[in-house]
Amino acid sequence: MPNKISTNNTMASGKKGARIVGSANADIYVEIERLPKEGETISAAHGQTLAGGKGANQAVCGGKLSYPTYFVGQVGQDAHGKLVTEALEGGGVHLDYMNTVSAAPTGHAVVMLQSDGQNSIIIVGGANMSCWPDCMSDDNLEVVRSAGIVLLQREIPDFVNVQVAKAARTAGVPVILDAGGVDAPIPSELLNFVDILSPNESELARLTGMPTESFEQISRAVIKCHEMGVKQVLVKLGAKGSALFKEGEEPIKQPIISAPRVLDTTGAGDTFTAAFAVALVEGKSKTECLRFAAAAASLCVQVIGAIPSMPDRKSVLNLLQSL
């Protein structure tokens, strides 16, 4: 598969915009000291409902980083749909291609947030996983073909992602697929149209069936991804940072930019992926893209909530300048 990533003047100008095709959820947060054991009932210190979903998270991140961003997704005709819509609008996201459906509720997730900032999440797909047309309209595919970059995730049906990625590829538009979402193999047809696959360690292990506990093991698992057809793999390593693997080249490593406090890691991976994409389409080097994304993720984990924690461009640049 040829590498479609481009840094020509049209791409670097950032005028074409990002297209985020993916999920939008209402995230129902419960703050707990620890996860309950089987059959056990525990009390939450606090609970609240905030907008989220991997697609919406990445869209707001792009919008708050002052990059023109369009969200293509679905919400229901309910209070959660209104919550998500207002959050997207507040993040500067264009909603020309977001659809409100009557046959399914807005997707939602239960986020069990532990006192150390780690989380466990249960997702209910709702409108994210149903009511999609078998064939996307030419209007929606045209907005993909005219993009500067396209971001996909796995909280919507694979057949939608395949259509979008194929349309982007035919137009020479780079596609980044965040591996987060449904725990199932990625169709080879989808991988054939993806320029950069972005899993975390556990997702990489599930996708390849290989251990990912050490960097050497991660490198071997990435080789299997290359064999599956993806030439570039952007691995999010949590507290160990990140690494970009391009077939035939040495990996580029990026340590984390330490945060003074970690309140919530929800959305940190989405922030990282979206910030990397924005930097890439603006013409930055891969090393600069990784550093920009690390700074954005560092700011994200200092705020509770996914969409509420997305940093703006000024904050990211100020953090980078302070290092």
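## Helices H7 and H8

A crossing of two helices is called left-handed if the near helix is turned anticlockwise from the far one by less than a right angle, and right-handed if it is turned clockwise. In this predicted model, the crossing of H7 and H8 is left-handed. Helix H8 covers residues 215-227, and its axis and that of H7 come within 10 Å, crossing at roughly 50 degrees. Angles of 65 to 115 degrees count as roughly perpendicular and those under 35 degrees as roughly parallel; H7 and H8 are therefore oblique to each other.

On the H7 side, the contact is formed by Glu-201, Leu-204 and Thr-208, which meet Ile-218, Ala-221, Val-222, Lys-224 and Cys-225 of H8. By class, these residues comprise 5 nonpolar, 1 polar and 2 charged.

## Helices H2 and H9

The axes of H2 and H9 are 8 Å apart, and the two helices pack at an angle of about 45 degrees. That angle makes H2 oblique to H9. Here the crossing is right-handed.

From H2, the residues in contact are Lys-54, Asn-57, Gln-58, Cys-61 and Gly-62, and from H9 they are Asp-270, Thr-271, Thr-273, Ala-274, Ala-275 and Val-278. The contact of H2 with H9 contains 4 nonpolar, 5 polar and 2 charged residues.

## Helices H10 and H11

H10 packs with helix H11 (residues 313-322) at an angle of about 110 degrees, the axes being 9 Å apart. H10 is thus roughly perpendicular to H11.

In H10, the residues Arg-291, Phe-292, Ala-295, Ala-296, Ser-298 and Leu-299 meet Ser-315, Val-316, Leu-317, Leu-319 and Leu-320 in H11. This contact is made up of 8 nonpolar, 2 polar and 1 charged residues.

## The largest pocket

The largest pocket has a volume of about 1,300 Å³. Its lining consists of 47 residues, and those nearest its centre are Asn-200, Thr-265, Gly-267, Ala-268 and Gly-269. The lining residues are divided into 18 nonpolar, 19 polar and 10 charged.

Both strands and helices contribute at least two residues each to this lining. The strands are S2 (25-32), S7 (107-114), S8 (119-124) and S10 (175-181), and the helices are H2 (54-64), H7 (201-208), H9 (268-281) and H10 (286-300). H2 and H9 thus take part in the lining of the largest pocket and also pack with each other.

## The second largest pocket

The second largest pocket holds about 160 Å³ of space. It is lined by 13 residues, with Glu-31, Ile-32, Leu-113, Gln-114 and Ser-115 closest to its centre. S2 and S7 are the elements that supply two or more residues to this lining. By class, the lining has 7 nonpolar, 4 polar and 2 charged residues.

## Cavities

In the whole structure, 2 cavities of 30 Å³ or more are found. The largest cavity contains about 40 Å³ of space, and its lining is formed by Ala-18, Ile-20, Gln-58, Gly-62, Thr-69, Ile-149, Leu-151, Ala-274, Ala-277 and Val-278. Two or more of the lining residues come from each of strand S1 (18-21), H2, strand S9 (149-154) and H9. H9 provides the largest share, 3 residues. The lining has 7 nonpolar and 3 polar residues, with no charged residues. Gln-58, Gly-62, Ala-274 and Val-278 belong to this lining and also to the contact of H2 with H9.

The second largest cavity has a volume of about 30 Å³. Ile-186, Leu-191, Leu-197, Leu-207, Cys-225, Met-228 and Val-230 line this cavity. The 7 residues are nonpolar, with no polar and no charged residues in the lining. Cys-225 appears both in this lining and in the contact of H7 with H8.

## Surroundings of Tyr-70

Tyr-70 lies in strand S4 (residues 69-72). Leaving aside residues up to four places away in sequence, Tyr-70 touches Ala-18, Arg-19, Ile-20, Val-93, His-94, Asp-96 and Tyr-97. Among these, Ala-18 and Ile-20 also line the largest cavity. Tyr-70 and Ala-56 are separated by 14 residues in sequence, and their C-alpha atoms are 10.0 Å apart in space.

Key: Residues numbered from 1 in each chain as written. Predicted model: local features only at pLDDT ≥ 70, side-chain atom pairs only at ≥ 80, totals over all residues. Heavy atoms only, no water. 1 Å grid on protein atoms, 1.4 Å probe; cavity = no way out; pocket = protein on both sides within 12 Å on 5 of 7 lines; lining within 4 Å. Points joined across faces, edges and corners; volume = space filled by probe spheres on them. Helix = DSSP H or I, 4+ residues; strand = E, 2+ residues; numbered from the N terminus. Nonpolar A, V, L, I, M, F, W, Y, C, P; charged D, E, K, R; others polar. Axes fitted to C-alpha atoms, helices over the stretch in contact; angles between N-to-C directions. Parallel < 35°, antiparallel > 145°, perpendicular 65-115°, else oblique. Contact = heavy atoms within 4.5 Å.
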